[in-house]
Amino acid sequence: MEWETVIGLEVHTQLLTRSKAFSAAATKYGAEPNTQACAVDIALPGVLPVFNREAAHMAVKFGLAIGAQINHRSVFARKNYFYPDLPKGYQISQYELPIVAKGHITIDVDGSEKVIGITRAHLEEDAGKSLHEDFHGMTGIDLNRAGTPLLEIVSEPDMRSSKEAVAYLKKLHELVRYLEICDGNMQEGSFRCDANVSVRPFGEKKFGTRAELKNINSFRFVEKAIEFEVERQIELLEGGGKVVQETRLYDSDKNATRSMRSKEEAMDYRYFPDPDLPPLVLDDAFIADVKKTLPELPDVKRARFIKQYSLNAYDASVLTSSREMADYYEQVLCESGADPKIAANWITVEMSAFLNRDNRDIATSPVTARMMSSLLKRLADNTISGKIAKEVFEAMWNGEGDADAVIQKKGLKQITDGAAIEKVIDAVIAKNPKQLEQYRAGKEALFGYFVGQVMKASQGKANPGQVNELLKNKLKP
Amino acid sequence: MSLDREQVRKMAHLARLTITEQEAASYAETLSRILVLIEQMNAVDTTGVAPMAHPNESGLRLREDTVTEPNLREKFQKIAPSVEAGLYLVPKVIE
């Protein structure tokens with residue numbers, strides 16, 4: 001039987017606020033345990049939550065970016081469960097009335113576009129961390145993360161393959177970083193994903209029973225976890241079994257999912273409106289203010305790059321993969337006046353290779369946009385050849401100054417003086433009588449050899465165009 | 001609508017409360033009386049009335065996003081039953 005996969009994703013994004021959702025403690029990652037957990041976060045009696053305006057601002061910003069309806073009135077609810085990483089005994093979340101209602105995101109898979117619905121996005125607080133290692137049979141609790149604002153983004157079950165799920169997740173990741181509402185760091189857990197996965201026979205309208213996969217903290221693992229789970233469910237169904245609705249944990253070491261708890265023994269969260277928090281009411285002015293802070297969104301930027309700079313889709317998508325990258329490119333264009341395609345190549349090929357090699361991103365590149373511009377200017381005015389430019393780039397990367405400084409220090413200025421080039425050519429020809437004879441006897445392939453020798457003799461500085469032309473004349477019988 | 005003892009026991013479990021058989025019986029009765037009150041409210045026609053989430057409908061007061069809480073870990077941990085390496089220690093929990 002042919003099976004169809006159905007996937008919906010729930011993504012938790014940590015909002016980039018300085019302070020927590022309901023307290024004025026810091027949210028910085030990596031602080032000493034419990035040094036950023038105040039009386040509200042550790043739930044001492046008598047404390048009251050006060051909501052962070054910036055968290056509301058960021059949630060609305062996201063809602064506007066996905067074309068969603070913003071609820072002018074949303075309600076915080078208590079989600080009740082006992083676990084020491086949230087000492088209140090409940091998590092403040094939104095249930096019936098989330099801040100962001102239905103929206104959508106367009107993904108691109110193998111060259112075709114698909115719209116993925118977003119059911120809702122709601123505000124809630126993060127929990128602390130439990131450390132189960134070596135505390136004489138006890139569990140250690142760090143509440144620094146407790147109370148950090150989260151925006152949980154819930155998609156419709158619109159994805160039909162692990163590939164689509166990854167494309168959606170990457171798109172969402174790119175978007176929240178463009179909006180500067182989340183740093184997207186999956187390792188540190190500021191962008192986390194749960195996947196609801198089910199299968200059904202092709203053509204069937206009803207959804208199959210789903211399993212919820214937790215603990216997937218990289219794009220690669222999302223793909224692998226879903227693929228494993230789909231296989232597992234199909235095998236189960238084809239063997240006459242049944243999928244049970246349950247939460248499963250993905251284990252990346254074993255590349256397998258295992259059951260965590262089934263829905264039957266699932267928790268009853270007993271949501272109810274939090275009496276400590278009146279409804280969050282946002283007026284039109286608030287939303288209009290947020291609208292003013294919206295940056296150019298990735299899709300719009302991509303389309304503009306293709307049109308304005310005549311780039312192909314690949315270059316445009318690499319150059320708009322982050323806001324920093326796009327800004328870098330446009331700054332280089334503006335400062336160097338270089339041809340957009342040439343500038344694009346230098347960034348997507350040369351620069352990307354070095355960034356990958358040294359595991360850096362564009363924001364921390366030792367070659368700044370200004371330095372890249374200095375290089376492209378010298379390339380355009382023929383001071384250096386393309387080959388030498390690579391050498392200059394590497395020197396700039398290693399901290400030897402901008403292009404002009406490197407060219408001067410290393411004496412890399414291109415030789416464009418015809419008489420000087422001729423001198424080099426004469427010397428090369430004199431040294432290679434045998435090759436000259438063969439060339440003149442018809443072995444034209446040797447032309448490349450002569451070019452190589454001349455370039456070598458000039459330490460790569462002779463203008464290649466001129467070398468070609470002059471050499472042709474000199475080699476004539 | 002009324003609650004039976006089994007439902008009361010389940011609620012007590014969710015709230016992590018230990019109750020005796022006798023208490024379960026008496027709670028079943030008293031809690032059911034609350035449900036009677038709710039049934040009366042349910043009978044009211046509320047078509048067109050927005051659900052009230054909070055008696056104070058003036059809306060939430062918002063706070064500016066600034067960090068003003070100092071690190072009081074030492075003070076807080078003095079009153080905690082067990083701490084180590086800056087962590088609060090609790091009986092082992094693992095899912």
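This tour moves through a predicted model, starting inside chain A and ending where chain A meets chain B.

Begin by selecting F51(A), F62(A), L123(A) and Y168(A), which have the most contacts inside the largest nonpolar core, a set of 69 residues. In soluble globular proteins, nonpolar side chains tend to be buried together. Keep Y168(A) selected and show what surrounds it: leaving aside residues up to four places away in sequence, Y168(A) touches L9(A), I105(A), I107(A), I116(A), I118(A), I153(A), S155(A) and M159(A). Then select W346(A), I362(A), I384(A) and L412(A), which are among the 41 residues of another core that lies apart from the largest one.

Next, colour the two chains separately and turn to the contact between them, to which chain A gives 53 residues and chain B gives 37 residues. Chain A and chain B bury about 4,000 Å² between them, and 60% of this area is on carbon and sulfur atoms. Select A24(A), R53(A) and P278(A), since these supply 14% of the area that chain A buries against chain B, more than any other three residues.

Stay with R53(A) and add E64(B): their side chains meet in a salt bridge, with 2.9 Å from N to O. Between the two chains there are two salt bridges, and 22 residue pairs are in polar contact.

Finally, show β9 (138–142) of chain A, one of the elements that each supply at least two residues of the side touching chain B; with five residues, β9(A) gives the most to that side. Colouring this side of chain A by residue type divides it into 31 nonpolar, 11 polar and 11 charged residues.

Key:
Residues are numbered from 1 along each chain as its sequence is written. Chains are lettered from A and ligands numbered from 1 in the order in which they are written. This is a predicted model: local features need pLDDT of at least 70, side-chain atom pairs count only at pLDDT 80 or more; totals for chains, interfaces and linings use all residues. Side-chain values use heavy atoms; hydrogens and water are left out. A nonpolar core is a set of buried Ala, Val, Leu, Ile, Met, Phe, Trp, Tyr and Cys residues joined through side-chain atoms within 4.5 Å. Buried means under 20% relative accessible area, exposed over 50%, partly exposed in between (1.4 Å probe, protein chains only). Contact means heavy atoms within 4.5 Å. Buried area is the accessible area (1.4 Å probe) that two parts lose on being put together, summed over both. A salt bridge is a side-chain nitrogen of Lys or Arg within 4 Å of a carboxyl oxygen of Asp or Glu. A polar contact is a pair of N or O atoms within 3.5 Å; within protein, one must be able to donate a hydrogen and the other to accept it, and residues adjacent in sequence count only if both atoms are side-chain atoms. Helices (H or I, at least four residues) and strands (E, at least two) are DSSP runs, numbered from the N terminus. Ala, Val, Leu, Ile, Met, Phe, Trp, Tyr, Cys and Pro count as nonpolar, Asp, Glu, Lys and Arg as charged, and the others, Gly among them, as polar.
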